[in-house]
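Visitor: I would like to take a close look at a single part of this structure and then see how other parts are built around their neighbours. Could you take me through it slowly?

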Number of protein chains: 2
Amino acid sequence: MAASNAAPPCRGAAEIVDAVVAGETRAIDETNAAFARIKARDGRVRAWRWLNTDFSRSLAYAVDEAPVKGPLAGAGVGLKDIIDTKDWPTENGVDTDKGRRPGTDATAVTRLIAAGAVILGKTVTTECAFLHPRETVNPHDPERTPGGSSMGSGAAVGGGMVPLALGSQTVGSVLRPASFCGAWAMKPSWGLIPRTGMLQLSHYLDHIGVYGRSARDLALAIDVLSGDDGHDPASQGVAPSRLTAGLGARPLNRPRFIFLRDYAWPEIEPSSAELFGNLAEQLKAPTANMPPLYNDIFDIAQDVLARDAAFNLGQRYRKAGDLISAPLREWVVRGFSVGVERYLTQMNRLQKMRVAFPKVISEFDAVIAPATPGEAPKDLTNTGSPKFNLLWTSIGVPAVNVPALKGPAGMPVGVQVIGRYGADLETLRAAAWLGHELGAKVVD
Amino acid sequence: MAASNAAPPCRGAAEIVDAVVAGETRAIDETNAAFARIKARDGRVRAWRWLNTDFSRSLAYAVDEAPVKGPLAGAGVGLKDIIDTKDWPTENGVDTDKGRRPGTDATAVTRLIAAGAVILGKTVTTECAFLHPRETVNPHDPERTPGGSSMGSGAAVGGGMVPLALGSQTVGSVLRPASFCGAWAMKPSWGLIPRTGMLQLSHYLDHIGVYGRSARDLALAIDVLSGDDGHDPASQGVAPSRLTAGLGARPLNRPRFIFLRDYAWPEIEPSSAELFGNLAEQLKAPTANMPPLYNDIFDIAQDVLARDAAFNLGQRYRKAGDLISAPLREWVVRGFSVGVERYLTQMNRLQKMRVAFPKVISEFDAVIAPATPGEAPKDLTNTGSPKFNLLWTSIGVPAVNVPALKGPAGMPVGVQVIGRYGADLETLRAAAWLGHELGAKVVD
């Protein structure tokens, strides 16, 4: 399963930053090594949509020349191609946007560069971050999907090309590729990372998420990306996170986990049902079903997403004809059919679920649940099921993929660690403990 | 203008609490004095809808017997009759709800009682907290409106019957009565005080607000009322405020004020235009118009409120016939006419206004603006214009009424002090400074 490797193996962002700060490596060397890995591997994986090696190298030189190094100094990052960049095109994975050059950087991009990260390019997204797949394949098996919609970002990190990448999650678009490709990933609490400059599907459901090689990589990146930017209403008044400091605090005690089965559980694959049963036993985590309040979450989230997507994309794509796929058109059409009473009813039910969740897990530190029904399917015509992520995304709580398990074909299977809204640090600490306990690591 | 007075004058909540804690008075004595004032004055003012003197006295005795006194020990509070109470009826000011007994206390009520406050009863609200007035008159002139919709709460505090009262503000329902009746009042940032157990008109616009006799009274009450209660999604993850400690911190420096004129300015009364022109000069506050982005706020807020009210009240009142007023029925009908695209468009515009506001006042600590077009109108058929409060409520920012000015008839005119979202302490400190500078006080 190891990919061919014509360059030094990929280190984590945390290690790279430490080495750059210590003067043991330079940002330009790390950047050249990343491009060498991309060159060696991406012909097969096709995770990358746009490179601009000259500009990336100019970012690296700037880091090397800077007298003070930022918290991501020299760490290479891939950006899902729905995140606006002025130095690379941003096509949102859709033919209507061919050649689109937004002219300004998204907040996330500005913050990454200011922190010393080296943007390596744009990664492939499904069409408008919905379901219709594009060219990326799973780095561990080219006949399998990498998942979606952040398919390029998941494959680029899970395939060992770069230490960090950004994705977006409205249903299951960060955690699913992470599970299928074997990467660490985190979707923080709704609003923690402002989404300014990213294609908007749904104000209430969209999140930016991060891929990395360790819990510490995620902490470093989220600390840089988080906090009110004065533009995204979801982030108004939100303070930047301090996950890196909190993650380092010792002791890292064994968390009290609960294994929760939600509406999606009947779709679990038998091999994963066994894996998770064993894991719960190993962790002494009691097993429970989500309360009936959460039974209709699938329909609720679909109504809200479809209606919001029709609002956000409808005018843009309604007359796009063959430039958009039939599935995307169906989403927009479905959205136009959701009336205001239904929309408000569903939003109301969603909010009740949000506020009730702390009581559901009141005696526990974090939840474990499958991140996907099983291994990445041998099917490149779709990106697999997001159903195991949908509930947690919809209620806005932090969720981490721990690349800890293997399926029957030896492919990665992720453990999803979920916490309370706003408890991003506790959730990431629980995930880090679990990763350590299970020896989780990214297999390049 | 002084009301007839058969009982000792009303002290502020802060003074009462200090005296109770020092053993200089007892909660039961304060409670009896409050009822004596109500008896002496309310025949004319009609601020109170429900009293239950036995139960109020039992709360007072419990405070006197408690070995540890809470932060509101012995302070009397009136509650707008849209806030659920199990020991008083809650009729929402509407005939359809005659005799309604909700069976549980609202979060605000539970918190007040736990803090040692003595609930004195329920105050008159307009019909469903909308525009249609009920029986309360202005305590300083019975031919004038006290404002609305929190008409009883404003009149009870402005008329010197009780130190504290709760109201709600969806457009201008806390600050307008405060300006007309001459009370201190604050509507904190959206979400700071959970609204669980209060009649809901609009998730995005509804706020609980507080009336008191000083900035310190407001701080004491808001500290008790604020913070996530596990039920209101607007308050999820919100920490309780610490305004009392922050308000006491010295020095209380002169704030940098800006005098902002918004869409409502053309409706200012000439006498108030002069008052505020002079005030801006006295404070050396530059005068500016709100940027054009905010021009359409009236239509936007009306659409959102009407649509939300139709959702929240529509089923309940649509077949109520003559049990609801024509104006309320018109609101609901209007709401049903707002479709989902228009609703989402208006919400989107509203959110843009929210996030842009910090830049509008970036070089200032707080805004001053009129709280009402002028003095309370000599008209008991309506509650006066909420237009000078509408923008600030809609963008969710903290707003304080400082009872500092007098109009041509000698009636109170309030100065509205407005701040950034989440900057409740800075806003209240600015208001406290202004109150001190202008010698603001409640005239009983």
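Visitor: Which residues are buried in helix 7 of chain A?

Guide: What you see is a predicted model, and in its helix 7 of chain A the buried residues are Ala215(A), Arg216(A), Asp217(A), Leu218(A), Ala219(A), Leu220(A), Ala221(A), Ile222(A), Asp223(A), Val224(A) and Leu225(A). Helix 7 covers residues 215–225 of chain A and is mostly covered, with 11 of its 11 residues buried. A residue is called buried here if 20 or more other C-beta atoms lie within 10 Å of its own. Following helix 7 of chain A comes Gly227(A), which has a positive phi near 105°.

From this helix we can turn to the sheet of chain A, where 11 strands form an open sheet with mixed pairing, in the order 1-3-2-4-6-5-10-11-9-7-8. At the edges stand strand 1 (48–50) and strand 8 (287–289) of chain A, and because each has a single partner strand, one side of each is left without a neighbour in the sheet. From one strand to the next, the twist averages 35°.

Within that order, let us follow a short path that begins at strand 6 of chain A. Strand 6 (residues 207–212) and strand 5 (residues 184–187) of chain A run antiparallel and are joined by 3 bridges, and Val210(A) in strand 6 is the bridge partner of Met186(A). Strand 5 of chain A also pairs with strand 10 of chain A in the antiparallel sense, over 3 bridges, and in strand 10 the bridge partner of Met186(A) is Val400(A). The path then continues from Val400(A) to Val417(A), its bridge partner in strand 11 of chain A.

Strand 10 and strand 11 (residues 412–418) of chain A pair in the antiparallel sense over 6 bridges, and they form a hairpin with 5 residues between them, where Gly410(A) in the turn has a positive phi of about 80°. Strand 10 (residues 399–406) of chain A is largely enclosed by the rest of the structure, because 7 of its 8 residues are buried. A helix also lies across part of this sheet: helix 4 (residues 107–114) of chain A crosses strand 2 (76–80), strand 3 (118–123), strand 4 (164–169) and strand 6 of chain A, and it runs at about 150° to strand 3 of chain A.

For a contrast with the covered helix where we began, consider helix 3 of chain B, which spans residues 53–65. This helix has 13 residues and reaches 18 Å from its first C-alpha to its last, close to the 18 Å expected at 1.5 Å a residue. Its buried residues are Ser56(B), Leu59(B), Ala60(B) and Val63(B), and they lie on the same side of helix 3 of chain B because they cover an arc of only 95° around the axis. In general, an α-helix has 3.6 residues a turn, so residues three or four places apart point the same way. The buried residues of helix 3 of chain B pack against helix 2 (27–45), helix 4 (107–114) and strand 3 (118–123) of chain B, while the face turned away from the buried side carries the exposed residues Asp54(B) and Glu65(B).

Finally, the two chains meet, with 21 residues of chain B in contact with 21 residues of chain A. On the side of chain B that touches chain A, the elements giving two or more residues are helix 10 (297–317) and helix 12 (340–360) of chain B, and helix 12 gives the most, with 9 residues. The residues on that side of chain B divide into 9 nonpolar, 7 polar and 5 charged.

Definitions and conventions
Residues are numbered from 1 along each chain as its sequence is written. Chains are lettered from A and ligands numbered from 1 in the order in which they are written. This is a predicted model: local features need pLDDT of at least 70, side-chain atom pairs count only at pLDDT 80 or more; totals for chains, interfaces and linings use all residues. Helices (H or I, at least four residues) and strands (E, at least two) are DSSP runs, numbered from the N terminus. The expected span of a helix is 1.5 Å times one less than its number of residues. A residue is buried if 20 or more other C-beta atoms lie within 10 Å of its own, exposed if 12 or fewer, and partly exposed in between; C-beta atoms are placed from the backbone. The arc is that of the directions from the helix axis to the C-beta atoms. Two residues are in contact if their C-beta atoms, placed from the backbone, lie within 7 Å. Ala, Val, Leu, Ile, Met, Phe, Trp, Tyr, Cys and Pro count as nonpolar, Asp, Glu, Lys and Arg as charged, and the others, Gly among them, as polar. Two strands pair if DSSP finds at least two bridges between them. Axes are lines fitted to C-alpha atoms, for helices over the stretch in contact, and angles run from 0 to 180 degrees between N-to-C directions.
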